[in-house]
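Me: I should like a close look at one part of this protein chain, set out as a connected account. Please begin from a single residue and proceed from there to the helices and the charged pairs.

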Amino acid sequence: MSRILLVEDEEGLSGAIREWLEDEFYVVDVVSDGLSAVEKLLHRQYELILLDWMMPGLSGIEVCKRFRSSGGKTPILILTAKTTLASKEEGLDSGADDYLTKPFNMRELSARVRALLRRPQTAPQVMLIAGPLALDLNARSVSRGGQLLKLLPKEFILLEVLMRFKGQVLSTEDLIEHVWGADSDVVPETVRSHVKALRKKIDEPGQSSIITTVHGMGYRIEK
């Protein structure tokens, strides 16, 4: 699971980017101004930051400079309508790792996101195992006994979170934060319905569920 911070003040664009990236199995937190971005970065670790240049209060360039000066290492992709070479130099010199001009194609955005996340410090090769399940983070695939399973993006992330914290009980609030994002309006019933759907896909008929319900507390994968 890669968590991305999207900092964009244009509501329509931020919504479109968030929906696109969530369909590609990322967890996306969204803020609309620079000061909120600084606050988020003080309290949460992200694998990638998508940062609009022109924003109210504090520009993306200033956010980038503050983050880098505080020791932040997370890759940053600047999003901006500025197209001059001088602007690109300014963006990259501020500490950004890449630069994408608006308007852009979502497929190009995805390619740049993947390229930045492939860097060794942010995307190590990882395979998660729980009983007969094998979850490949790089291929974004899940198999049971060698047979590939077809999961929806949120089902994949939900399973990944439970497998990463194998042996620990995760409350519905924990799962909402990890799978949908701290700023989402998801309710506990949504978690329950996703767990139910996930069980139907990963459990073997006639066998106990891989996901254990700990009544009054949450869910856990024990194996």
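In which helix is His-178 found?

Reply: His-178 is found in helix α7, which spans residues 172-180. The model is a predicted one, and the mean pLDDT of the protein chain is 89, with 97% of its residues at 70 or more. Among the elements of the chain, helix α8 (residues 188-202) has the highest mean pLDDT, at 95, whereas helix α4 (residues 85-93) has the lowest, at 82. Where pLDDT is low, predicted coordinates should not be read in detail.

His-178 itself has a relative accessibility of 22% and therefore counts as partly exposed, since the buried class ends under 20%. Its C-alpha atom lies 23 Å from that of Glu-11, and the two residues are 167 positions apart in sequence.

The helix that holds His-178 packs against helix α8. The axes of α7 and α8 come within 9 Å and cross at roughly 80 degrees. That angle falls between 65 and 115 degrees, so α7 is roughly perpendicular to α8. On the α7 side the contact involves Thr-172, Leu-175, Ile-176 and Trp-180, which meet Pro-188, Thr-190, Val-191 and His-194 of α8.

Helix α8 also carries a charged pair of its own. Glu-189 forms a salt bridge with Arg-192, and the closest N and O atoms are 3.1 Å apart. Both residues lie in α8, 3 residues apart, about one turn of the helix. Glu-189, at 45% relative accessibility, counts as partly exposed, and Arg-192, with a relative accessible area of 40%, is partly exposed as well. Beyond this pair, salt bridges that share partners join Arg-3, Asp-29, Arg-44 and Glu-177 into one network.

A search of the whole structure finds 14 salt bridges. Side chains of opposite charge can pair when their charged atoms come close. One such pair is Lys-102 and Glu-8, whose side chains meet in a salt bridge with an N to O distance of 2.9 Å. Lys-102 lies in the loop between β5 (98-101) and α5 (106-117), and Glu-8 in the loop between β1 (3-7) and α1 (11-23), so this pair ties together parts that are 94 residues apart in sequence. Glu-8 is buried, with a relative accessible area of 1%.

Arg-112 and Asp-98 provide another example, their side chains meeting in a salt bridge at 2.9 Å, N to O. Because Arg-112 lies in helix α5 and Asp-98 in strand β5, the pair ties together parts that are 14 residues apart in sequence. Arg-112 is partly exposed, with a relative accessible area of 22%.

Helix α5 has a packing partner in α1. The axes of α1 and α5 are 11 Å apart, and the helices pack at an angle of about 60 degrees; α1 and α5 are therefore oblique to each other. The crossing of α1 past α5 is right-handed. Here Ala-16, Ile-17, Trp-20 and Leu-21 in α1 meet Met-106, Arg-107, Leu-109, Ser-110 and Val-113 in α5.

A further helix pair is formed by α2 (residues 34-43) and α3 (residues 60-69), which pack at an angle of about 20 degrees with their axes 9 Å apart. The angle is under 35 degrees, so α2 is roughly parallel to α3. Their crossing is right-handed. The residues in contact are Gly-34, Ala-37, Val-38 and Leu-41 of α2, together with Val-63, Arg-66 and Phe-67 of α3.

Pro-75 is found in the loop between α3 and β4 (76-80). At 1% relative accessibility, Pro-75 counts as buried. Pro-75 and Glu-222 are 147 residues apart along the chain, and their C-alpha atoms are separated by 34 Å.

Strand β8 supplies one more buried position. Ser-143 lies in β8 (residues 141-144) and, at 15% relative accessibility, counts as buried. Leaving aside residues up to four places away in sequence, Ser-143 touches Pro-132, Leu-133, Ala-134, Leu-148 and Leu-149.

To return to the starting point, His-178 is a partly exposed residue of helix α7, and α7 is the helix that lies roughly perpendicular to α8.

Notes. Residues numbered from 1 in each chain as written. Heavy atoms only, no water. pLDDT = per-residue confidence, 0-100. Helix = DSSP H or I, 4+ residues; strand = E, 2+ residues; numbered from the N terminus. Salt bridge = Lys/Arg side-chain N within 4 Å of Asp/Glu carboxyl O. Buried < 20%, exposed > 50% of the residue type's maximum accessible area, 1.4 Å probe, protein only. Axes fitted to C-alpha atoms, helices over the stretch in contact; angles between N-to-C directions. Parallel < 35°, antiparallel > 145°, perpendicular 65-115°, else oblique. Left-handed = near helix turned anticlockwise from the far one by under 90°. Contact = heavy atoms within 4.5 Å.
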